[in-house]
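Trainee: Could you walk me through this model before I take it back to the bench?
Mentor: Sure, have a look at it and then ask away.

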Amino acid sequence: MPALKLSLPAGLAQGRLGQTWASLSRVPPLVWLSALLIAFTLWASIAPATLVAYDPLETDLANVLMPFTTEHWLGTDEIGRDLYSRLVHGARESFLIGLLAMLVAIVLALPLGFLGALAPRPVRHGVDRLIEILLGFPTLLVALLFVTLLGQDPLNVAIAVGIGSAPGYARLIRGQTLLVRNSAYVEAAVALGHTRAAILFRHIVPNAIRPLVPITGLGVGKAIVWSSSLSFLGLGVKPPSSEWGALLAAGKGQLLEAPWLLVVPGTAVVLVALSFSTLFHYLQARSEGA
Amino acid sequence: MTHERHSAGETLFQVKNLNVGFRTPHGYKRVVRDFELTLRRGETLAIVGESGSGKTVATRALIGLAGDNAVVAADVLRYKDTDLRQAGRQTLKKLRGAQVGYVLQDALVSLDPLQPIRNEIAEPLDAHARLSKAEIRERTIQLLTEVGVPQPEIRKDQYPGELSGGLRQRALIATALALHPPVIIADEPTTALDVVVQAQVLGVLAQLIARGTSLILISHDLAVVARLADRILVMKSGIIVESGTRDEVLGNPQHAYTKALIQAVPSGDTRGRRLSPAAPARIGRPRRHGEAAENDSATPILEAKHLSKSFHGPDGRLREAVADVSFELFKGEVLGIVGASGSGKSTLARLLLALTDYDAGAVLYRGLEWPRADDRTKRRVRGKISVVYQDPYSSFDPRWNVGRILEDALRLHAEDGHAPQRADLLELLEAVGLNESHLRARPRHLSGGQRQRVAIARALAVHPEILILDEAVSALDVSIQAQILDLLEDLKARYSLSILFISHDLGVIHHIADRVLVMKDGAVVEEGDADAVFHAPRHRYTQELVAALPHFDNSRGAGRHP
């Protein structure tokens with residue numbers, strides 16, 4: 001990717017600020033774009049009202065199923081609600097569900113991953129088998145199972161998606177922990193005479209979770225897709241909420257008359273998920289010194 | 001070997017005022033400056049210098065391999081009658097392979113692991129000569145025979161992973177020889193090889209020279225250079241500081257850097273002498289650590305009794321890595337352990353450090369079998385036995401800077417979790433020849449020598465009585481190695497350390513060790529006073545090792561043994 005070329009007044013080019021600026025100006029434009037889109041989504045989920053002209057639930061029966069117009073620039077649905085407003089207001093739910101799902105996944109995966117790498121042999125093997133069995137089921141299937149058990153509501157969707165994606169992260173943490181545990185610097189710490197607890201908390205845990213930071217970001221995007229999928233299947237968030245998956249589900253009835261009702265929220269999900277993966281892939285590569 | 005009959009031969013390479021630089025994100029960086037070289041037919045030219053001196057870049061520029069971002073300029077850059085400054089890709093491609101064979105630095109990674117070596121050797125044949133399959137097959141076998149690979153019919157179908165380091169290096173030389181080029185460029189052809197294997201590879205190169213091939217030999221090993229070269233170029237920071245015939249350069253060096261380089265080679269003749277030209281160390285007052293000074297030199301401070309350890313090999317069979325090893329290390333002594341790679345030296349170190357449990361025997365610290373003691377006792381003894389590894393970089397937590405690394409170790413010694421004093425930190429840095437400015441540096445920003453100093457400082461932080469050095473100088477340049485060896489001698493006196501020095505390098509061991517153990521296949525085959533072992537080896541294997549060592553006598557000047 002070509003770097004964005006930005007120049008800076010000569011006096012500022014030196015020093016710490018100049019260095020930060022120099023490294024920022026090497027960030028590829030696609031990454032900037034992703035960051036911008038995520039920032040917009042974040043803003044939309046904090047203060048949606050500042051970004052829209054209409055109430056998301058306000059019906060305008062004179063303008064039903066309108067395609068893109070200057071008034072409703074992403075069109076309206078079958079009872080004349082402004083799609084752009086609904087999309088912006090739905091961002092919060094989609095975003096929060098994504099974040100929460102990721103949180104649930106990590107909270108479950110951390111102990112499983114550490115136990116799978118560091119516990120005494122019988123426990124370790126038990127945990128490893130459990131992770132492998134769970135990995136055998138597709139994420140969506142596990143999420144479906146749990147959302148059915150827990151009942152439909154946004155919180156449960158997040159938990160279900162979190163549980164569904166946990167085994168993958170557990171596996172990752174386990175591998176990373178094993179890598180660190182067998183590293184030369186851990187051996188050096190042992191040889192110096194540090195206690196096990198000191199080595200665990202000073203070397204193993206911080207180094208094992210380090211690569212998780214960018215991967216967690218990647219996961220948020222994925223979790224948004226999963227929870228939208230659940231809503232689309234009618235098992236997640238229900239109308240009148242304008243969570244993106246719910247928008248998709250509502251739009252599928254009018255596929256022929258008003259395709260934008262499906263295309264617009266679908267594109268939003270894809271773009272946000274893509275932005276998360278672009279931005280955090282970049283951060284991951286940078287943290288690995290690439 | 002006399003090369004005089006070749007020395008009047010035609011000029012192959014002629015280079016004048018070669019400058020090579022690289023465009024980097026941080027600007028232009030010149031790495032080779034006013035380089036000059038003349039290579040005649042049948043001649044062997046050695047380029048000597050430490051890593052980063054530009055020797056590899058300069059030679060790569062000769063054959064158009066300097067790299068895409070390299071800027072190459074020269075007044076004269078000629079192979080026979082071809083002006084290489086104007087040469088296009090095709091010309092250079094024909095030059096490489098047909099005229100110049102290039103032996104890359106690291107045989108371990110230079111061969112494609114997914115290709116049997118016959119493909120690697122056939123590649124230049126395929127590219128440059130039109131030969132039938134049968135002819136290529138025949139030629140491959142012939143080449144492998146030439147470079148002394150036994151059973152070439154079988155070996156040619158094997159993958160690099162199935163071959164030993166020495167065989168891989170020879171296969172690599174065979175690829176360079178494929179078209180019988182008049183010139184071979186060999187970049188560190190014996191680095192990372194055991195003495196015995198090194199001797200074999202040198203033998204192959206000597207045969208090539210005898211057959212009239214011209215050789216450009218890049219090496220930091222003066223002993224290797226002394227054995228093969230007719231003329232020597234000494235490079236430092238991209239500049240040729242000295243050039244001349246072998247006997248001139250090694251026997252009567254003019255430049256201070258060349259002198260230092262020659263002085264830096266450790267061997268039996270350098271025992272008790274400083275290797276680096278640095279100012280004599282300010283040896284501080286010896287410090288007492290806790291225990292009252294003991295003079296009972298009769299009790300060993302560390303003892304191994306009939307130690308044995310086996311591992312399951314990849315084929316599932318048990319392989320004995322350490323077999324019935326016994327030795328004693330006395331206070332203030334340097335015990336050298338020497339042996340080829342795979343002889344069990346490093347496993348032995350891990351057993352002594354209680355990082356791996358032994359199958360049989362015992363490790364005793366002052367009479368106590370500490371690896372089998374309770375955790376508390378074990379941790380206390382760990383503070384008495386420190387270790388420094390070959391690769392210090394991987395032994396540092398990647399998140400930590402030098403200050404944090406040392407503090408972490410100092411805190412261990414300061415009982416009751418007392419925060420270490422800044423003065424302690426600075427004393428430690430000073431002891432290993434670093435200073436305050438290094439405190440905030442991260443290991444990845446330090447040079448190899450500085451990293452090893454940090455590793456040594458960390459090992460000293462816990463105030464050990466015993467220092468185990470596992471190939472601790474093997475990855476360093478000769479001049480840096482010399483500094484570290486000198487530093488170790490100083491520290492030994494300053495902190496009254498006992499040292500267990502593990503190395504595959506006989507010269508290093510002979511330089512520093514009082515007593516020597518020779519290991520082969522996990523067992524100790526010979527033990528004794530260093531001079532006795534190296535001058536009058538009794539065991540056949542030791543004799544083989546000593547004979548294989550390309551001898552470099554830097555007490556008088558240059559010399560080469562028959």
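What follows is a short round of questions and answers on this structure.

Mentor: Some ground rules: this is a predicted model, where local features need pLDDT of at least 70, side-chain atom pairs count only at pLDDT 80 or more, and totals for chains, interfaces and linings use all residues. Residues are numbered from 1 along each chain as its sequence is written, chains are lettered from A and ligands numbered from 1 in the order in which they are written, and side-chain values use heavy atoms, with hydrogens and water left out.

Trainee: What ipTM does the model score?
Mentor: Two scores come with the model. The pTM is 0.77, and the ipTM is 0.75.

Trainee: In chain A, which helix has the highest confidence?
Mentor: Go by pLDDT, the predictor's confidence in each residue, from 0 to 100. Chain A has a mean of 82, with 91% of its residues at 70 or more. Helices here are DSSP runs of H or I, at least four residues (strands are E, at least two), numbered from the N terminus. Helix H1 (residues 15-24) of chain A is lowest at a mean of 65, while the highest, at 92, is H7(A).

Trainee: Which residues of chain A stay under 50 in pLDDT?
Mentor: Where pLDDT is low, the predicted coordinates should not be read in detail. The model does have 17 contacts (heavy atoms within 4.5 Å) beyond four places in sequence for this stretch. It is residues 1-13 of chain A.

Trainee: How many helices are there in chain A?
Mentor: From the N terminus on, each element of chain A is an α. There are zero strands, and the helix count is eleven.

Trainee: How much helix is there over residues 91-280 of chain A?
Mentor: UniProt, in an unreviewed entry, lists that span as "domain: ABC transmembrane type-1"; such annotations may be inferred rather than shown by experiment, feature names are shortened, and positions are in the numbering used here. The end C-alpha atoms are 20 Å apart. Strand is 0%, and helix is 83%.

Trainee: How far apart are the C-alpha centres of domain 2 and domain 3 of chain B?
Mentor: Domain bounds come from an automatic or database domain assignment, which gives domain 2 as 300-384 + 465-562 and domain 3 as 397-463. Between them, 15 residues of domain 2 of chain B are in contact with 13 residues of domain 3 of chain B. Their C-alpha centres lie apart by 25 Å.

Trainee: Which residues lie closest to the centre of the second largest pocket?
Mentor: That pocket holds about 810 Å³ of space. Helices H7 (184-192) and H8 (196-209) of chain A and helix H14 (375-382) of chain B each supply at least two lining residues. Of the 23 residues in the lining, the closest to the centre are Val190(A), Arg196(A), Ile199(A), Leu355(B) and Arg382(B).

Trainee: And what counts as a pocket?
Mentor: On a 1 Å grid over the protein atoms alone, a 1.4 Å probe fits at the points; lining residues have an atom within 4 Å of a point. Points are joined across faces, edges and corners, and the volume is the space filled by probe spheres set on them. A pocket is an open set with protein on both sides within 12 Å along at least five of seven lines.
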